[in-house]
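Trainee: I would like a close look at a single part of this structure, and then an account of what lies around it. Please take it slowly and in plain words.

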Amino acid sequence: MTQTPEKPLTVGFDLDLTLLDTRPGIKAAYLAFSAETGVPIDADLVVSRLGPPLEQEMAHWFPADRVTEMTARYRALYPSYAIEPTVPMPGARDAIDAVREAGGRTIVVTAKNGPHAELHLKHLGIEPDAVVGGLWAEGKAEALRAHGAQVYVGDHVGDVRGAATAGAVSVAVATGPCAPDELREAGADVVLTDLTDFRAWWDAYRG
């Protein structure tokens, strides 16, 4: 009797401050955006709290009736300023490779809009099996479930909640705005210093 092969393990990754250090590029984009609009924006503060949807950040600097308009304008500027300065986080490429070498699939699930996420990954030559943008916190569970992700890796408590909602193992990396204790208190199953520790965890997880 032929046995049906098990589905390959699928690991989801967040983008900003999990796989990629987008802070230099996002800062450059906000400085250009501030200069164009004439609205003072503390770009250093902005990049210290990356994770939530762009609209939430825009609401700190613009009245509610202008958030949609200003979000669209920022996104129009984004490719010219944010792609080139962005670099992979330590261990990011190796984490993707570790999953692939085990016959697994990798997906990126991020609050960033999908086209910009894909631009970043293409520029750096990082090729996940799928990219899903525009999802935040518990909303990320939609894509994680759709792709059968057993693990989700992220740097924010919102990522921990997304993993929990999807019934996935939450692997948190302390490379974003949330401290290790904050990630643990949010329910992370494991907290890594950064993705350079992922391969060892992954090998142990697979047994």
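Mentor: Gly139 counts as partly exposed because its relative accessibility is 29%, and the limits for that class are 20% and 50%. This is a predicted model, and everything below is computed from it. Gly139 sits in the loop that runs between strand β5 (130–132) and helix α7 (141–146).

That loop also holds Ala137. Ala137 has a phi near 50°, which is a positive value in a residue other than glycine. With 2% relative accessibility, Ala137 counts as buried, since the cut-off for buried is under 20%. The loop therefore contains a buried residue, Ala137, as well as a partly exposed one, Gly139.

Start with the strand that comes before this loop. Strand β5 is joined to β4 by 3 bridges, and the two run parallel. One pair to find on the screen is Val108 and its bridge partner in β5, Val131. Strand β4 covers residues 105–109, and 4 of its 5 residues are buried, so β4 is mostly covered. Strand β4 is also joined to strand β1 (residues 10–13), by 4 bridges, again in parallel. In that pairing, Gly12 stands opposite Ile107 of β4. To trace the path from the loop, go from β5 to β4, and then from β4 to β1.

Strand β1 leads to another loop, the one between β1 and β2 (20–21), where Leu17 is placed. Leu17 has a positive phi of about 65° although it is not a glycine. At 2% relative accessibility, Leu17 counts as buried. Ala137 can be set beside it: Ala137 too has a positive phi, near 50°, and a relative accessibility of 2%. As for Thr18, its C-alpha lies 18 Å from that of Gly139, and 121 residues separate the two in sequence.

A second distance from Gly139 goes to Thr37. The two are 102 residues apart in sequence, and their C-alpha atoms are 31 Å apart in space. Thr37 belongs to helix α1 (residues 23–37). Its relative accessibility is 26%, so Thr37 counts as partly exposed. Leaving aside neighbours within four places in sequence, Thr37 is in contact with Phe62 and Met70.

Now return to the loop and look at the other side, where helix α7 follows. Helix α7 is one of the elements against which the buried residues of α8 pack; the others are β6, β7 and α9 (180–185). Helix α8 runs over residues 157–166 and is mostly covered, with 7 of its 10 residues buried. Those buried residues are Val157, Gly158, Asp159, Val160, Gly162, Ala163 and Ala166. Just after α8 comes Gly167, which takes a positive phi of about 75°.

The two strands that α8 packs against are themselves paired. Strand β6 (residues 151–154) and β7 run in the parallel sense and share 4 bridges. Val153 stands opposite Val171 of β7 in this arrangement. Strand β7 (residues 169–173) has 4 of its 5 residues buried, so it is largely enclosed by the rest of the structure.

Last, the chain as a whole, as a background for these parts. The protein chain has 10 helices and 8 strands. Of its 207 residues, 49% count as buried. For a compact globule with 207 residues, the radius of gyration would be near 17 Å; the chain has 17 Å, which agrees. Along the principal axes, the C-alpha trace spans about 70 × 35 × 30 Å. Among contacts between residues at least 6 apart in sequence, 61% join residues at least 24 apart. The accessible surface comes to about 9600 Å², and 51% of it belongs to carbon and sulfur atoms. There are 18 positive and 29 negative charges, and their mean positions are 3 Å apart.

To return to the starting point, Gly139 is a partly exposed residue in the loop between β5 and α7. On one side of that loop, β5 pairs with β4; on the other, α7 is among the elements that the buried residues of α8 pack against.

Technical notes: Residues numbered from 1 in each chain as written. Predicted model: local features only at pLDDT ≥ 70, side-chain atom pairs only at ≥ 80, totals over all residues. Heavy atoms only, no water. Rg over C-alpha atoms; globule rule 2.2 N^0.38 Å. Buried < 20%, exposed > 50% of the residue type's maximum accessible area, 1.4 Å probe, protein only. Contact = heavy atoms within 4.5 Å. Areas by Shrake-Rupley, 256 points an atom, 1.4 Å probe, with all protein chains shown as cover. Lys, Arg positive; Asp, Glu negative; His and termini not counted. Charge placed at Lys NZ, Arg CZ, Asp CG, Glu CD. Pairing = 2+ DSSP bridges.
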